[in-house]
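Please read this briefing alongside the sequence and the model. It covers nonpolar cores and cysteines.

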Amino acid sequence: MKELLAVQGGKPVRKNFLPYGQQWIGKDDIKAIVKTLKSEYLTTGPKISEFEEEIANYVGAKYAIVFSSGTAALHAACFAAEIKEEDEVITTPMTFVATANSILYQGGKPVFADIDRRTYNIDPKDINAKITKKTKAIIPVSFTGQPVDLEEIINSAKRNNILVIEDGSHSLGANYKDKKVGTIADMTVFSFHPVKNITTGEGGAVTTNSKVLYQKLLLFRTHGITRDKNLINNSQEPWYYEQLELGFNYRITDIQCAMGISQLRKIDWFINRRKKIANKYNEAFKDNELLSVPYQEDNCFSSWHLYIIQLNLNKLKVGRKEIFEALRAENIGVNVHYIPVYYHPYYNKIGYYKGICPNAEFIYDRIITLPLFPKMKNRDVRDVIESVIKVLEYFKKH
Ligand SMILES: *Cc1c(COP(=O)(O)O)cnc(C)c1O
């Protein structure tokens, strides 16, 4: 007799709900924040450039520019790439909407290229098929923290004279062929939302080796305004500043940057802990015919932002929805990353329909994200494993 599932009124594996992701805030982070609160500057003070220097050093880039969110950083990167009306930008549908939205903010047109069915990353072959004379940039996402095939993508970008902006919101600390992501693309965008690998509450950054792009990013962060005497026309009057472009207020506070500096000191430990948990999941599930564990390329080191299982629906009596609900009832905070961007009503309204990317749609129907964050206890990891096996075995076809 099989144990009754929680969704059917049985006893849940856990008493309390385990989220899929959560920040780790230590006493050191709190101390750093309080110290800044008591200092002279709350915003646009010394913590901004200190955090920028630390990020640049960490990824090995010449420049890092921090923003109020990852989305603001993406928008700024699209501005710096000079994406305008009529421009096409190739991106993946398997991402958070912000990636494609940042193209729309600039008046550009997102063109969705399909994903690879193994890595779930954008497929360089489909990028090549979708490059036209109007293509201005490519925005691949290093999905779940596994770097996208940057070399392939950069080679075709170079042949076509277009820029590559890596959305590295998942991949801070990841390696592509023994090199940290952050300098390989023309610009790399990071997010410091609480579920990401380090957090500032809200926040983001762009890293680049290009001085030209760096200056555009700086302008965009603060209304398009500069005080740089080399850039302004009226450099005679000492109070003078000029607005050269239409920018935004996308500044981040010193309070948040103090937190970011403190978080960055722990990043290697965070990623290590994520990897250990991922290995435990792999170990528990790798021979289970009811699901597939995340495929990993040999030449990459993932920063393990997400752990996604793929259900083998042929061997299950129910669909993803029933499995998802059953896991939630066991108090496991499973999630789905992501609903393909063009499924959203807004994208339908502007002319995108189902059917554009068959691989992304196939994968979307089968994926479930399991909880993964450094603060998880070994007990939590065991609860997730136990729940997944309990639910899948229950619904196994015979
Ligand atoms: C989190 C995320 C963003 C947006 O970052 P915010 O800091 O929340 O604005 C963009 N792209 C991807 C892939 C993300 O996961």
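Is cysteine 300 buried or exposed? Cysteine 300 has a relative accessible area of 16% and therefore counts as buried, a term that means under 20% relative accessible area, with exposed over 50% and partly exposed in between (1.4 Å probe, protein chains only). The model is predicted, so that local features need pLDDT of at least 70 and side-chain atom pairs count only at pLDDT 80 or more, while totals for chains, interfaces and linings use all residues. Residues are numbered from 1 along each chain as its sequence is written, and side-chain values use heavy atoms, leaving out hydrogens and water.

**Nonpolar cores**

- The largest nonpolar core (buried Ala, Val, Leu, Ile, Met, Phe, Trp, Tyr and Cys residues joined through side-chain atoms within 4.5 Å) has 54 residues, of which Tyr281, Tyr307, Ile323, Ile368, Leu370 and Val388 touch the most other members.
- At least two residues of this core come from each of several elements, including helix H9 (267-285), strand S14 (307-311) and helix H13 (378-394), where helices (H or I, at least four residues) and strands (E, at least two) are DSSP runs numbered from the N terminus.
- H13 gives the most to this core, with 6 residues.
- A second, separate core of 39 residues includes Ile48, Ala64, Ile198 and Ile267.

**Cysteines**

- A search of the whole structure finds 0 disulfides, a disulfide being a pair of cysteine sulfur atoms within 2.5 Å.
- Cysteine 78 is in no disulfide, and the nearest cysteine sulfur, that of cysteine 357, is 18 Å away.
- Cysteine 78 counts as buried because its relative accessibility is 0%.
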